[in-house]
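These are my notes from a session with one protein chain, written down in the order in which I looked things up.

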Amino acid sequence: MKTFTRGEKSRLADLGLGTRLAVAIDMPAPGITVDLSCFGLDAADKLADERYMIFYNQPASPEGALRVDLSAGRAVFNIDLDALPASIAKLVFTGAVDGSGTMRGIGNGTLKLGDGAAFPFAGGDFQEEKAVILGELYRRDGQWRFGAVGQGFNGGLAALLAHFGGEAAAPTAAPVSAPAPVSAPAPAPAKISLSKVTLEKRGDKVSLEKKAGGRGFGRIRVNLNWNRGGVAAEPEKKGLFGGMFGAKKPNGIDLDLGCLFELADGRPGCVQALGDAWGRFDEKPFIELDSDDRTGTSTAGENMHINGDRFDEIRRVLVFAFIYEGVPNWAATDGVVTIEVPGHPTVEVRLDHAANERMCAIASIENRNGELQVTKLVDYIGARPGTGSHQVMDQKYGFGLRWAAGSKG
């Protein structure tokens, strides 16, 4: 793997890379929230089409040529350069501080292009900027190339957006109109909603309304992710069962996403990997868990989808995380849950209280007269003699389920 320095450039072909690749950015920043993004620019280095800004509010381009999986301090952009429209001539990868802190406060980070190249950087490389352009993929003479940039900005994500010719939309602005044709003499700036709602304290709430004329809320995505570098790996097991159970876990912990639910007709239930209770999206309970990351290596974390077009049949959902395997240490996981509702700002809930119980009731999603209300709980719950933590949580929040010991298949 070739190591780049600031300003160095190379053709992808010379790095042994094709036109389908992953760009992985690790930007550890203790105590700082960093948003990692990709801007798809035209030949004039402008964001002519807002659909090609890939970030927390827009994780994929229309045709899927650009997709991102986000977690705390990490982003993996999966890219198919051949599938991009001809109008996209450059992809620029950026980081921006959200809230307090500057780029000088980040740790040792890396931008990697598959197995072909790496561009290391650190807080000491920057001044007191709030944002930075890390690198870019660009097309020249019919070939794609990579350039390591490392250029800082005094402003944050909004300043980057303005630099590329876009405009941050006000939270109350009307829906964005279709992009102006490329041939238009003076296309209007792309308007992007940078709104993100972070519920800071336990009990903080946000309410989301259905879009005018819409049937419901669309496909709601609940994502659980955590800092895989924050927990020590478990030692590899030796002996008779070492080959079966001894694979070393990169983060030493199996963190599971799940929920308790109550439907509008009063029926309660649970969706989780434990007991293979995966749920259903298109039929009751209209909640489905898409996978169980048993290895801790998935950059996408764990995802649960709620059918927001059937939200009138759901009364409430209690989102929880459970440490199925590993030493309980929530402080080290730096966990975060994001709730993505189409047409609304991303809602973020951070697991920001230290605790050693195995269960955390993270947030509630409730149907309040047709509005979707999210409340931060971050309530750590332990087992009691003869009563598991699932049942203790159930009793505390009043779902009324009957519990029995279970395991994952």
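I began with helix α4, residues 389-397, and looked up which of its residues are covered: S389, H390, V392, M393 and D394 are buried. I kept in mind that the model is a predicted one. Just after α4 comes G398, for which I noted a positive phi of about 70°.

Next I turned to strand β26, which runs over residues 359-368, and asked how many of its residues are buried. Eight of the 10 are, so I wrote β26 down as largely enclosed by the rest of the structure. Its partner is β27, residues 371-381, and the two strands pair in the antiparallel sense over nine bridges. To fix the register for myself, I recorded that M359 stands opposite I381 in β27. The two strands form a hairpin with two residues between them.

The turn of that hairpin holds N369, and I looked at its backbone with some care, since most residues other than glycine have a negative phi. N369 is not a glycine, yet its phi is positive, at about 55°. Is N369 buried or exposed? At 84% relative accessibility, N369 counts as exposed, whereas β26 has eight of its 10 residues buried.

I then went to D45, another entry on my list of backbone angles, in the loop between β4 (33-41) and β5 (53-54). D45 also has a positive phi, of about 60°, although it is not a glycine. Its relative accessible area is 33%, so I entered D45 as partly exposed, because that class lies between the 20% limit for buried and the 50% limit for exposed.

After the phi angles I checked the peptide bonds, bearing in mind that most peptide bonds are trans. The bond from K284 to P285 is cis, and I wrote down an omega near 15° for it. P285 itself sits in the loop between β20 (279-280) and β21 (287-289).

Last, I took down some totals for the chain, which has four helices and 27 strands. Of its 409 residues, 50% are buried. Among contacts between residues at least 6 apart in sequence, 67% join residues at least 24 apart. The accessible surface comes to about 18,500 Å², and I noted that 49% of that area belongs to carbon and sulfur atoms.

Technical notes:
Residues numbered from 1 in each chain as written. Predicted model: local features only at pLDDT ≥ 70, side-chain atom pairs only at ≥ 80, totals over all residues. Heavy atoms only, no water. Buried < 20%, exposed > 50% of the residue type's maximum accessible area, 1.4 Å probe, protein only. Contact = heavy atoms within 4.5 Å. Areas by Shrake-Rupley, 256 points an atom, 1.4 Å probe, with all protein chains shown as cover. Pairing = 2+ DSSP bridges.
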